[in-house]
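Let's take a friendly walk through this protein together. Have a look at the fold first, and then we will begin with one small residue and work outwards.

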Amino acid sequence: MAEVIDTHCHLDGEEFAEDRDAVVARAREAGVGQVLIPAIDLKSCQSVLDCCARYSGYCHPMLGLHPEEVRQDWREQLAAIRQLISEASTPPLPPVIAIGEVGLDFYWSREFEQQQLEAFEEQVRWSVETRLPLMIHCRKAQNELVSILKRYKDNLPGGVFHCFTGNELEARELLQFEQFVLGVGGVLTFKKSHLPEVLPAAVPLDRIVLETDAPYMAPVPYRGQRNEPAFVVEVLHRMAQAYGITDEELSQRTNANVERVFGLRQASS
């Protein structure tokens, strides 16, 4: 079977500090050919770069400021992250493949709502300038997110709406941004998930990619455990069932989407 790509995994996190090599080994054994790793703040930008250097050619870095990490110092954080993105375009640092994880999150609090809006728009501008795609996180903020993206619609290079769990209307609203795809993870496998019905009805196969969001949101049958990139295979199985195609065809189609969005070719294991 074609290798699978995990387009969103926090492999640099402390949750993997004790057994990161073993986690990568299990991912390779499961048929995971590449792993994309997003930063969430300035500190994690460095850990993401270090992790991707350690597993060069297998792990690929995305740098950005996550909305839940936006505080009063967001301008200073962004200035430093922007500098890192420029520096990481030259060896020996691994090349940055996307701006992320960025977006809006008003789920817990709107305390830094204005700062989140400004920080997100700034990073959208980076995407336009650098032609690097966006890895977008959105929770309880789709109207605001879409409003900002519409200002740049004709100039956006593309990206991923990470962790999509919405309905058909929400899917179609996001897919108006033609170079973007939806990232789908473990929620698809949950018993009460509506995604197995929503996705085939609203999302063409050329507009979807697979992810884990590890160490969070482990799929069935690992729900409640630490998630890891090897488990993306469970997402693949369930999605192939939903679309009525083979695992092989789905892996080929989603890999092609990753190549198109991120410019990544299939890696040899």
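Our starting point is S127, which is buried, with a relative accessible area of 0%. The model you are looking at is a predicted one, so please read every value here as computed from that prediction. S127 is found in helix 4. Which residues does S127 touch, once its neighbours within four places in sequence are left aside? They are I99, L132, P133, L134 and P157.

For contrast, turn to D154, in the loop between helix 5 and strand 6. Is D154 buried or exposed? With a relative accessibility of 75%, D154 counts as exposed, because the cut-off for that word is over 50%. You can also use D154 to get a feeling for distance: D154 and P196 are 42 residues apart in sequence, and their C-alpha atoms are 31 Å apart in space.

Now let's look at the sheet. It is an open sheet of eight strands, in the order 1-2-3-4-5-6-7-8, with parallel pairing. Strand 1 (residues 4-6) and strand 8 stand at the edges, and each has a single partner strand, so one side of each is left without a neighbour in the sheet. On average, neighbouring strands of this sheet are turned by 30 degrees against each other, direction ignored. What holds such strands side by side? Strands of a sheet pair through backbone hydrogen bonds, either parallel or antiparallel.

Two of the pairings are worth tracing on the screen. Strand 1 and strand 2 pair in the parallel sense over three bridges, and here I5 has Q34 in strand 2 as its bridge partner. Strand 2 (residues 32-38) is mostly covered, with seven of its seven residues buried. Further along, strand 4 is joined to strand 5 (residues 134-139) by six bridges, and these two strands also run parallel. There, V102 stands opposite I136 in strand 5.

Next come the helices. Helix 8 lies across strand 1, strand 2, strand 7 (residues 180-184) and strand 8, and runs at about 145 degrees to strand 8. Helix 4 (residues 113-130), the home of S127, packs with helix 5 (residues 142-151) at an angle of about 35 degrees, with their axes 10 Å apart. Helix 4 passes helix 5 in a right-handed crossing. Which residues meet there? From helix 4 come L117, F120, E121 and V124, and from helix 5 come E144, L145, I148, L149 and R151. The residues of this contact divide into six nonpolar, three charged and no polar ones.

One of those contact residues, L149, turns up again in the interior. The largest nonpolar core has 77 residues, and L63, L149, L199 and M239 touch the most other members. Helix 8 (residues 232-243) gives the most to this core, with six residues. A second, separate core has 13 residues, and V160, V209, V258 and F262 are among them. To see what a well-connected member looks like, pick L63: leaving aside its neighbours within four places in sequence, L63 is in contact with A39, C45, V48, L49, I81, L84, I85, V96, A98, I99 and G100.

G100 brings us to some details of the backbone. The peptide bond from G100 to E101 is cis, with omega near 15 degrees, and E101 has its place in strand 4 (residues 98-105). Where else can you find a cis peptide bond? Look from V220 to P221, where omega is near 10 degrees. P221 is found in the loop between strand 8 (residues 208-210) and helix 8.

That loop also holds D213. Phi of D213 is near 60 degrees, a positive value in a residue other than glycine. C163 has a positive phi too, near 55 degrees, and is likewise a residue other than glycine. C163 lies in the loop between strand 6 (residues 159-161) and helix 6 (residues 168-174). Are these two residues buried or exposed? D213 is buried, because its relative accessible area of 10% is under 20%. C163, at 29%, is partly exposed, because that value falls between the cut-offs of 20% and 50%.

How values were computed. Residues numbered from 1 in each chain as written. Predicted model: local features only at pLDDT ≥ 70, side-chain atom pairs only at ≥ 80, totals over all residues. Heavy atoms only, no water. Axes fitted to C-alpha atoms, helices over the stretch in contact; angles between N-to-C directions. Helix = DSSP H or I, 4+ residues; strand = E, 2+ residues; numbered from the N terminus. Left-handed = near helix turned anticlockwise from the far one by under 90°. Contact = heavy atoms within 4.5 Å. Nonpolar A, V, L, I, M, F, W, Y, C, P; charged D, E, K, R; others polar. Core = buried A, V, L, I, M, F, W, Y, C linked by side-chain atoms within 4.5 Å. Buried < 20%, exposed > 50% of the residue type's maximum accessible area, 1.4 Å probe, protein only. Pairing = 2+ DSSP bridges.
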